[in-house]
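Hi,

Here is the structure I promised to pass on. Have a look at it first, and my notes follow below.

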Amino acid sequence: MKRDVPSLTAGGALLARLRAIGVDYIFANSGTDFPPIIEGLAEAAAKSVPLPQALVMPHEGAAMGMAHGYYLATGRSQVVMAHTNVGLANCAIGAINAAVENIPVLLFSGRTPATEQGRFGARTVPIGWGQEMRDQTALVREASKWDYELRFPEQVGELADRAYAIANSTPKGPVYVALPREVLCEGYAGPDVARPLSMQPAHIAADQRLITDLAARIAKAKFPVVFAQHGAGNAEAFAALSALVNRWAIPVCQYWAVQLALPTDHDMHAGCDPAPLLEQADLVIVLDSLAPWSQQVHMVRDDAMVVHIGPDPLKARTPIRNFRSDISIVGELPDAILALQSALDAHEPRADVEARRADIASANAQARRAALTKAEAGRDGVMSAHYVAKTVSEAIAGRNAILLSERGCPMETMTLSHHQAWYQEPHAGGLGWSFPAALGMQLADRERLVVATMGDGSYMFANPVACHQIAEALELPVLVIIMNNAEWAAVRHSVTDIYPDGYAAKANQMPLTALNPSPDFVQVARASRAFAARVSNADELDEALQQALAHIADKRGLALLDVTMRN
């Protein structure tokens, strides 16, 4: 039966509809196009209509990062609302990150009024002309699965449903809707905004015949390997993958991973180097990986079978990506892993699998011991990233923490045990991601410890003043660790990789990489009343970490450590 809901403006009805379909938060940076949105918030509140919580975002980059992080933590799509073309332009990097990582953000922005006079909501200030574009959507179209411009007020309910359903369909990704001010100002006479979702997302299940065939190939393979970059998808699939690869003695390589697929101390955790695995592999199983190895460096055996599994195994949105795929299996990754585990129940490991397991486990354990020994050596003098990572890992052990690494703490020397333990920046490379993403994760679970580690360049890219303001305003006690080497280390490494003996590698200071003088990041954090400390040597690190964690536990405020690192 249709429920009675007070009449609303189109702006208010859109907000109410978003709440009804499961949106918890609107991350908003408002502008002159927002009067009907702001009036809609007040109107709906006055009429006791449930709405998402609207949060003030001082910068759109933070809004996109928080929506991204909130989805990773909860699996629930959220809304970002930006101000016309200029706000949308600031959302573009976050939209690119979300597109590459299949994050279903619902992105809305106002649109400059099309009318100059004679209609309620028409242009009233000069920027109404200055922000006009022939194709505003072009700013994010390539990063959007679908886009539309609202044309009539009666569309708002169905439009919200369609945006949500498309964003959350396989493969997931961001969608964009432009909202002209005049339309939002009109009254809404459509159906009940509280009805159930009218258009369900379309989920693609993996082809069972292909899964059954893959299970048979695993049972027969002499040396199968798994490459994983986007984890396993959820806790159940993470546990299933851990059990599957252990039973069948399959090493797992996490080359340039962005999520954890296997505990780092698991017997089959084979680190991040594809080369020794590809040399032996006769069956290569790629789990949702954009670039599972470097074709410039690594070679797959001609006689090997290569299988790609994921929501978009061929990565169709990437124009050039020519990794061999003898079998391509489409499906949401957690479901595919669980289906494969079930299919393997029909097989028993051969006698030689036990010997293979022992050899792989021994090699992996030896490699991990060597990495930890090397990391410990990195405490001498100016600290290495691996030493800091090991020390941070020890400090947060047993806390069920989430750690994000954006040129921050590498996986290799950390002890990570659950599917949300570790995230790296998106492969799109839109910097400034980890700080706001951590804020979004903290918003999703205020009692959980969330740690954002990043290079000094990434910290500056995050618009840190905006992020610190958000953390203080929303009481989000994130631990921020800046790995400060006063340069663009990733750029320097790229140059030395291509020109190892070039002039730049031999220069006292490589051009276009230095970030000297380094700003006083401690003062930036203290401006928003955060705990902040500078750490210049290993002897100070343990105490600083304990002080930061105590501040988070006792004061429920953000803590920042500016850690001096090796170049």
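Helices and strands here are DSSP runs, numbered from the N terminus: H or I with at least four residues for a helix, E with at least two for a strand. This is a predicted model, so local features need pLDDT of at least 70 and side-chain atom pairs count only at pLDDT 80 or more, while totals for chains, interfaces and linings use all residues. Residues are numbered from 1 along each chain as its sequence is written, and side-chain values use heavy atoms, with hydrogens and water left out.

First, the second largest pocket. A pocket is an open set of points on a 1 Å grid over the protein atoms alone, where a 1.4 Å probe fits, with protein on both sides within 12 Å along at least five of seven lines; lining residues have an atom within 4 Å of a point. The volume, meaning the space filled by probe spheres set on the points, is about 690 Å³ for this one. It has 29 lining residues, and the closest to its centre are Tyr-71, Lys-172, Gly-233, Glu-332 and Pro-334. Both α3 (60-74) and α11 (333-344) supply at least two residues of the lining, with α3 giving the largest share, four residues. By class, the lining splits into 11 nonpolar, 13 polar and five charged residues; Ala, Val, Leu, Ile, Met, Phe, Trp, Tyr, Cys and Pro count as nonpolar, Asp, Glu, Lys and Arg as charged, and the others, Gly among them, as polar.

Next, the sheets. Two strands pair if DSSP finds at least two bridges between them. One open sheet has six strands in the order β3-β2-β4-β5-β7-β6, with parallel pairing. β3 (53-56) and β6 (147-149) are at the edges with a single partner strand each, so one side of each has no neighbour in the sheet. Neighbouring strands are turned by 20° against each other on average, direction ignored; axes are lines fitted to C-alpha atoms, for helices over the stretch in contact, and angles run from 0 to 180 degrees between N-to-C directions. Within this sheet, four bridges join β4 (79-82) to β5 (106-111), and Ala-82 stands opposite Ser-109 in β5. Helix α6 (156-167) packs on the sheet, touching β5, β6 and β7 (175-180), and its direction makes about 160° with that of β7.

Another open sheet of six parallel strands runs β15-β14-β16-β17-β19-β18. Its edge strands are β15 (422-424) and β18 (531-535), and the average turn between neighbours is 15°, direction ignored. β18 is joined to β19 (559-564) by five bridges, with Phe-531 partnered by Ala-559.

Strand β9 (224-228) is mostly covered: five of its five residues are buried (under 20% relative accessible area with a 1.4 Å probe, protein chains only; exposed is over 50%, partly exposed in between). β9 pairs in the parallel sense with β11 (283-287) over five bridges and with β10 over two, where Phe-227 has Cys-253 as its bridge partner.

Finally, where does Met-268 sit? Its place is the loop between β10 (252-253) and α10 (275-280). Met-268 is buried, with a relative accessible area of 0%. Leaving out residues up to four places away in sequence, its contacts (heavy atoms within 4.5 Å) include Val-245, Leu-262, Arg-357 and Asn-364. Pro-251 is 17 residues away along the chain, yet the two C-alpha atoms are separated by 4.5 Å.

Cheers
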